[in-house]
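Here's a quick tour of one protein chain, made for someone who is just getting used to looking at structures. Keep the 3D view open and click along as you read.

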Amino acid sequence: MPYPLQTLFRIGLFLGLTVGTWLATAPADSTSSMGFDDKLAHLLAFVALAICLDFSFPDSPGGFWRWKGPALMAYGFLIELIQYQLPTRSFSLADFVADVLGLLIYVWLLLPIARRTPLLRRRWESP
């Protein structure tokens, strides 16, 4: 039986991937994709994607790094490869590093907090 918020997290995951892919492939001017704000946006987007993915499939064996983390890293790298092919975008290793940092922040900082939050900790409780 799914825990109560599982459907909400799956909707969030779908929307996050859809909007993220659209934003990453839409034409952009040269000033909007440079600097600290862009890296912070990458970091926060991947924190949100990690939360949604992890809570969408709570019963997956092996924890976050078995397939969820690698899948999100592959998504981030794929986005950079796609941007490399677009005339108004470019490949950025710094963007990919920001994506991975977002995943690490989720696992090392936010996940331990979530495990202690009453509404969310049901995800780890046995039926």
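What follows is a short briefing, grouped by topic.

First things first: this is a predicted model. The chain has 127 residues, and 35% of them are buried. Its secondary structure comes to five helices and zero strands, so to get started, try colouring by helix.

**The overall layout**

- Reading from the N terminus, the elements go α-α-α-α-α.
- Helix α1 covers residues 6-25, α2 covers 36-56 and α3 covers 68-85, while α4 takes in residues 93-115.
- Take the contacts between residues at least 6 apart in sequence: 68% of them join residues at least 24 apart.
- The accessible surface of the chain adds up to about 7,900 Å², and carbon and sulfur atoms account for 72% of that.

**The inside: a nonpolar core**

- How many residues does the largest nonpolar core have? It has 18, and the ones with the most contacts inside it are F46, L49, A50, F64, L72, L103 and Y106.
- Four helices, α1, α2, α3 and α4, each chip in at least two residues of this core.
- Helix α2 gives the largest share of the core, with six residues.
- As background, nonpolar side chains in soluble globular proteins tend to be buried together.
- L72 is a good one to click on: leaving aside residues up to four places away in sequence, L72 touches F46, L49, A50, L53, F64 and L103.
- Is L111, over in helix α4, buried or exposed? L111 has a relative accessible area of 9%, and the cut-off for buried is under 20%, so L111 counts as buried.
- L111 and I51 are 60 residues apart along the chain, yet their C-alpha atoms are separated by 8.4 Å.

**The outside: a nonpolar patch**

- Not every nonpolar side chain is tucked away: F77, L78, L81, I82, Y84, F91, L93, V97 and L101 form a nonpolar patch on the surface.
- Together, the residues of this patch have about 800 Å² of accessible area.
- Which elements give two or more residues to the patch? They are α3 and α4.
- Helix α3 provides the largest share of the patch, five residues.
- F91, one of the patch residues, sits in the loop between α3 and α4.
- F91 has a relative accessibility of 31%, so F91 counts as partly exposed.

**Aromatic rings**

- There are seven aromatic pairs in the structure.
- One of them is F64 with W65, an edge-to-face pair with 5.1 Å from centre to centre and 85 degrees between the planes.
- The two partners sit in different surroundings: F64 is buried, with a relative accessible area of 6%, whereas W65 is partly exposed at 37%.
- Ring pairs also bring in Y106, which makes a cluster of F64, W65 and Y106.
- Two members of this cluster, F64 and Y106, may ring a bell, as both are on the list of residues with the most contacts inside the core.

**Salt bridges**

- How many salt bridges does the structure hold? The count is three.
- K39 pairs up with D38, and their closest N and O atoms are 3.0 Å apart.
- K39 also pairs with D95, where the closest N and O atoms are 2.6 Å apart.
- That second pair links distant parts of the chain, since D95 is in helix α4 and K39 is in helix α2, 56 residues apart.
- Put these together and D38, K39 and D95 are linked in a network of salt bridges.
- Within this network, K39 is partly exposed at 23% relative accessibility, D38 is buried at 13% and D95 is buried at 6%.
- The remaining salt bridge joins D54 and K68, with the closest N and O atoms 2.7 Å apart.
- Why does this pair tie together parts that are 14 residues apart in sequence? Because D54 lies in helix α2 and K68 lies in helix α3.
- Both of these charged partners are buried: D54 has a relative accessible area of 3%, and K68 has one of 1%.

Note on methods
Residues are numbered from 1 along each chain as its sequence is written. This is a predicted model: local features need pLDDT of at least 70, side-chain atom pairs count only at pLDDT 80 or more; totals for chains, interfaces and linings use all residues. Side-chain values use heavy atoms; hydrogens and water are left out. Buried means under 20% relative accessible area, exposed over 50%, partly exposed in between (1.4 Å probe, protein chains only). A nonpolar core is a set of buried Ala, Val, Leu, Ile, Met, Phe, Trp, Tyr and Cys residues joined through side-chain atoms within 4.5 Å. Contact means heavy atoms within 4.5 Å. Patches are made of residues with over 30% relative accessible area and no salt bridge: like charges are joined within 9 Å, nonpolar side chains (Val, Leu, Ile, Met, Phe, Trp, Tyr) within 5 Å. Accessible areas come from the Shrake-Rupley method with a 1.4 Å probe; for residues, only the protein chains shown count as cover. A salt bridge is a side-chain nitrogen of Lys or Arg within 4 Å of a carboxyl oxygen of Asp or Glu. Rings of Phe, Tyr and Trp (its six-membered ring) pair if their centres lie within 6.5 Å; planes under 30 degrees apart count as stacked, over 60 as edge-to-face and the rest as tilted.
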